[in-house]
Amino acid sequence: MTSNSLRDADIAYALHPYTNAVAHEQSGPMVAVRGKGVRVYDDAGKDYIEGMAGLWCTSLGFDEPRLVDAAKRQMEALPFFHMFNHKAHEPGIRLSETLVQMAPVPMSKAFFCNSGSEANDTAVKMIWYYHNAIGKPEKKKIIARLRGYHGVTVAAASLTGLPLNHRSFDLPIDRILHTSCPHHYRYGEAGETEDAFADRMAADLEALIEREGPETIAAFFAEPVMGAGGVIVPPKTYFAKIQPILKKHDILFVADEVICGFGRTGKMFGSETFGLEPDIMTMAKALSSAYLPISAVLINEKVYQGIRGETGKIGSFGHGYTYSAHPVAAAVANETLAIYAERDILGHVGTVGPRMQARLRRLADHPLVGEARGVGLIGAVELVADKATKANFDPSQAVGPRVVNHAQANGVILRAMAGDIVAFSPPLVISEAEVDEMFDRFERALNTVT
Ligand code: PLP
């Protein structure tokens, strides 16, 4: 039987990701039907500026014809093939080449998956495989950070440092540990400079490593800017203090570039903006401007050599997805990367990013805003009950979600994170005029919430 309306059918049949199922029975869905530029339109024809680029991902906006053509051409030529057992196809080979060549630090090989979560799970498995390969089977624990976000599959959700992803799921799995979150505004002590705070964060990490035994710690995962944890921009000197500790204890560094990769922070990778020198990089989202699902894991020569040797010894690298390097997704990713270069997407972010950051910083004077922060085309406002004490609102007041609902009614789609943080991550192709329109709409919404 077909339900009368999409709304009824949605409520009857769809379990939504990251949604309160009880509340959804009342609210129903916002149904998007088409997109143009940085806007999407709902089934009543109302337009919204997509201030989150979907889920931090549609970097080229919602109607890039070259990506549609690239997909169509590849669909017609070869809709599916794979890279298992010495097989390959041109889009997969070319994408490997391009990504290894564009990496900000020397990388050796690219491996493909379908989502950021799968890329991070793959990195975890590679790290374990590598340490078995090099004869260090006891070196298996992985450290990530509180409020970091690395996805939702079992290992990735364990790396994630947010209660919502652990509670009721019996996570994290053992072998995965969390160190402190480098958010100076929230966790800095009275009078502590950002640099002194970064020292303390590095000392926390080293204390955890010493407590657990450095010989048991395999890797450290970090996003250059934490996204879903609340757009947390680290102190300038944070990674410079963390990395020598990792080197000293022979701990692999994984940069999760799933949000930051491909221009979001103003450089091609967040690792460049913040001076990271990872051994492994994971990337997804803007890799294909989200037009098709594809993600990648880049590994350096050291990690590759370990994995290579083990595959020779035991017969094969026993890991891979049916859709690893799906040729249509890979073709779309190749086209996306070509467009970034041809249209100088970094130059564009260099122009509009400062406009967005200026509009964000202007909000810092608003009575509800504790901190306005960001870099490039990613940012957030943290809403507080008391600016002086930084006290949060009571969660029952749902201030962040209410602001986001008002924003949606005013024609801008944003997301509220835990702690009443409202995030901004528009398509990278947004114009200065559209940045202004997005903030004008948001300010109207913010002013109606009391
Ligand atoms: N890593 C980061 C930094 C992310 O922001 C996300 C998703 O938002 C993921 C990993 C997981 O990616 P996916 O949702 O594609 O599994």
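1. **The open sheet.** In this predicted model, seven strands form an open sheet with mixed pairing, in the order 4-10-9-8-7-5-6. Strands here are DSSP runs of E with at least two residues, helices are runs of H or I with at least four, and both are numbered from the N terminus. Two strands pair if DSSP finds at least two bridges between them. At the edges sit strand 4 (109–113) and strand 6 (176–179), each pairing on one side only.

2. **Ground rules for reading along.** Residues are numbered from 1 along each chain as its sequence is written. Because the model is predicted, local features need pLDDT of at least 70 and side-chain atom pairs count only at pLDDT 80 or more, while totals for chains, interfaces and linings use all residues.

3. **A look at one edge.** Strand 4 and strand 10 (residues 295–299) run antiparallel and are joined by five bridges. Have a look at Cys113, which stands opposite Ser295 in strand 10.

4. **Helices across the sheet.** Helix 5 (residues 90–102) lies across strand 4 and strand 10, at about 125° to strand 4. Helix 10 (residues 194–212) lies across strand 5 (141–145), strand 6 and strand 7 (217–222), running at about 150° to strand 6. Axes are lines fitted to C-alpha atoms, for helices over the stretch in contact, and angles run from 0 to 180 degrees between N-to-C directions.

5. **Around the ligand.** The ligand is surrounded by 15 residues, and the closest are Ser115, Gly116, Ser117, Gly151 and Val258. A residue is near a molecule if its C-beta atom, placed from the backbone, lies within 6 Å of it. Helix 6 (residues 116–133) gives the most to this shell, with three residues.

6. **Two domains.** Domain 1 covers 31–63 + 344–447 and domain 2 covers 68–342; these bounds come from an automatic or database domain assignment. In all, 27 residues of domain 1 are in contact with 25 residues of domain 2, where contact means C-beta atoms, placed from the backbone, within 7 Å. On the side of domain 1 that touches domain 2, the largest share, five residues, comes from helix 15.

7. **Asp440.** Is Asp440, in helix 17 (residues 432–447), buried or exposed? Asp440 counts as partly exposed because there are 15 C-beta neighbours inside 10 Å. On this scale, 20 or more other C-beta atoms within 10 Å make a residue buried, 12 or fewer make it exposed, and in between it is partly exposed, with C-beta atoms placed from the backbone.

Definitions and conventions
Contact = placed C-beta atoms within 7 Å.
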